[in-house]
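Please walk me through this structure, beginning with the surroundings of one loop residue and moving from there to the sheet and the cores.

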Amino acid sequence: MTALRACDGGPQPPAREWLTLTGRKRVLVVVHTVTYGKRLQEVICLLESDLRIQVVFTAPPHPFSDGVARLLEALGSAVLPWDEAVRMEFDLALAAGPRGVERVRAPLVLLPHGANFLKRVTEGTDTRVAGLGRQDLTPQGRALPAAVVLPHRDDLSGLADACPEALPRASVVGDPVHDRMVASLPRRRAYRRALGLGKGQQLTAVVSTWGAHSSFGAIEALLPRLLELVGRNRRVAVLVHPNVWSGHGAWQVRAWLAQCARRGIAVIPPEADWRPVLIAADTIIGDHGSVTLYGTLTDAPILLAASPEQEINPDSPAAALARTAPALSPAHSLKSQLAYVAAEYHGHQREQYGDIAARITSEPGRFSRNMRRLLYRLLGLGQPAHPARTRPLPLPPPLARWSSAASTGYDRDYGTGASA
């Protein structure tokens, strides 16, 4: 293997000289944001128990990097400062975004950080599908990645349009979130019990991506309507994209949602696993983000609070969902609209949602197998002699813990008008 060394020929940093297991293949995991880090966790777990491999992490500068240090600390991972990491050589690097990866000295595997390639980005007169454009795959003129990971074979046509020279590097491997959620669906009752939901209680998951046209972008109009839902037989959980927490600050998000938390609405923190909450939900209020699309894997009807056509890839399943799911109306009560979407879903829309969910991946249940095969091929190693399994999701903490933490954490740390 290539030893971990400074690319400029300088001495090995002293902190890395005293390793017990030497001569390992070195894999660098580039974690820009909490969202990227969570996606990459689904990949690096495929390398566990292999004593031939050493995994290290680094966190490049990014506008939404808040929370990354806490995430890596919770993992107990070996973390290289970014300026040190880009002076080293590695046998492989993994990233879920392009920022700064042109400086990484390793064969690079680029993965999507959400479901498919849902969003369009407009910069000046140029509009592209985020994640498939040439500037996403060859930032700052970097050579093509060693592998471009795609969830669905239909994504090959989008790649051919946007960056045809990357087609030989494309690998259709599937979607890890899809596979783990599907594997976990039979545990729905266990998730509901763990969340503290009683018999007959309904759970509404309010989901938001980030940006001005997201559900949270219209939170001023949505907040009072959510408070109307709270009652003995209905619980509400709010799932806000980590970029919102990072962009505005955790204190500010908790402050904005403090009244919701005091009324018993669970505000799911960005580091928490939202997938069991989505599986446990009876209805979903969402937008054009990945989490709402993953909601089509469950048996929950979806009400769209936001669905901006200009930000949605028209060839994506998010566009199909925008044409299928009912849209939130300002002229009717939220309770009546949730009842309507439930009737529509159980009346005739369930099959349509299934068709949309089928477009998330063309390799259902095979991400772990396909991704591990790709990683070991690029590392030049034989795979371990055991199956690459897809594990069900662990049980979540109670909703009451999240609603209490959001409310009392804000009160304790920053006050709500009480005297000192």
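Two residues are taken to be in contact when heavy atoms of theirs lie within 4.5 Å. The model discussed here is a predicted one, and every value below is computed from it. With that criterion in hand, and leaving aside neighbours within four places in sequence, P326 is in contact with I302, L303, L304, Y340, V341, Q349 and Y353. P326 itself is found in the loop between α14 and α15, and because the limit for a buried residue is under 20% relative accessible area, P326 counts as buried at 15% relative accessibility. A separation across the model can also be read from this residue, since the C-alpha atoms of P326 and L71, which are 255 residues apart along the chain, are separated by 36 Å.

One of the contacts of P326, Y353, leads on to the aromatic residues. Two numbers are used to describe such a pair of rings, namely the distance of the centres and the angle of the planes. The model has four aromatic pairs, and one of them, formed by Y345 and Y353, is edge-to-face, with 5.1 Å from centre to centre and 65 degrees between the planes. Both Y345 and Y353 are buried.

On the other side of the loop that holds P326 is helix α14, which is mostly covered, with six of its eight residues buried. These buried residues are P317, A318, A319, A320, L321 and T324, and what covers them includes α13 (290-294), β14 and α15 (334-357). The loop between β14 (302-304) and α14 (317-324) is the place of N313, which counts as buried at 10% relative accessibility. The side chain of N313 reaches the backbone oxygen of F117 at 2.9 Å. Not counting residues up to four places away in sequence, N313 touches F117, L118, K119, R120, V129 and A319, and the last of these, A319, is one of the buried residues of α14.

The sheet comes next. Seven strands form an open sheet with parallel pairing, in the order β3-β2-β1-β4-β5-β8-β9. The edges are held by β3 (79-80) and β9 (170-172), each of which has a single partner strand, so that one side of each is left without a neighbour in the sheet. In general, strands of a sheet pair through backbone hydrogen bonds, either parallel or antiparallel.

Within this sheet, β1 and β2 run parallel and are joined by six bridges, in which V29 has F57 of β2 as its bridge partner. Five of the six residues of β2 are buried, and β2 is therefore largely enclosed by the rest of the structure. Strand β1 (residues 25-30) also pairs in the parallel sense with strand β4 (residues 92-95), over four bridges; here L28 has A93 as its bridge partner, while V30 has A95. From β4 the sheet continues to strand β5 (residues 108-110), with which β4 pairs in the parallel sense over three bridges, and the bridge partner of A93 in β5 is L108.

Side chains in a regular strand alternate between the two faces of the sheet. For β4 both faces are covered, since L92 and L94 on one side and A93 and A95 on the other are all buried. Helix α1 (residues 34-44) lies across β1, β2 (53-58) and β4, and runs at about 140 degrees to β4.

How many residues does the largest nonpolar core have? It has 43 residues, and those with the most contacts inside it are L203, I268, L278, Y294 and L399. Apart from it lies another core, of 28 residues, among them V31, L40, I44 and L92. To return to L203, its contacts beyond four places in sequence include R192, L195, R235, V277, D282 and L399.

Two loop residues remain to be considered for their backbone angles. Most residues other than glycine have a negative phi. S49, in the loop between α1 and β2, has a positive phi near 70 degrees and is exposed, with a relative accessible area of 71%. Q140, which lies in the loop between α4 (134-137) and β8 (147-150), has a positive phi of about 55 degrees although it is not a glycine, and it counts as exposed at 72% relative accessibility.

Terms used
Residues are numbered from 1 along each chain as its sequence is written. This is a predicted model: local features need pLDDT of at least 70, side-chain atom pairs count only at pLDDT 80 or more; totals for chains, interfaces and linings use all residues. Side-chain values use heavy atoms; hydrogens and water are left out. Two strands pair if DSSP finds at least two bridges between them. Helices (H or I, at least four residues) and strands (E, at least two) are DSSP runs, numbered from the N terminus. Axes are lines fitted to C-alpha atoms, for helices over the stretch in contact, and angles run from 0 to 180 degrees between N-to-C directions. Buried means under 20% relative accessible area, exposed over 50%, partly exposed in between (1.4 Å probe, protein chains only). A polar contact is a pair of N or O atoms within 3.5 Å; within protein, one must be able to donate a hydrogen and the other to accept it, and residues adjacent in sequence count only if both atoms are side-chain atoms. Rings of Phe, Tyr and Trp (its six-membered ring) pair if their centres lie within 6.5 Å; planes under 30 degrees apart count as stacked, over 60 as edge-to-face and the rest as tilted. A nonpolar core is a set of buried Ala, Val, Leu, Ile, Met, Phe, Trp, Tyr and Cys residues joined through side-chain atoms within 4.5 Å.
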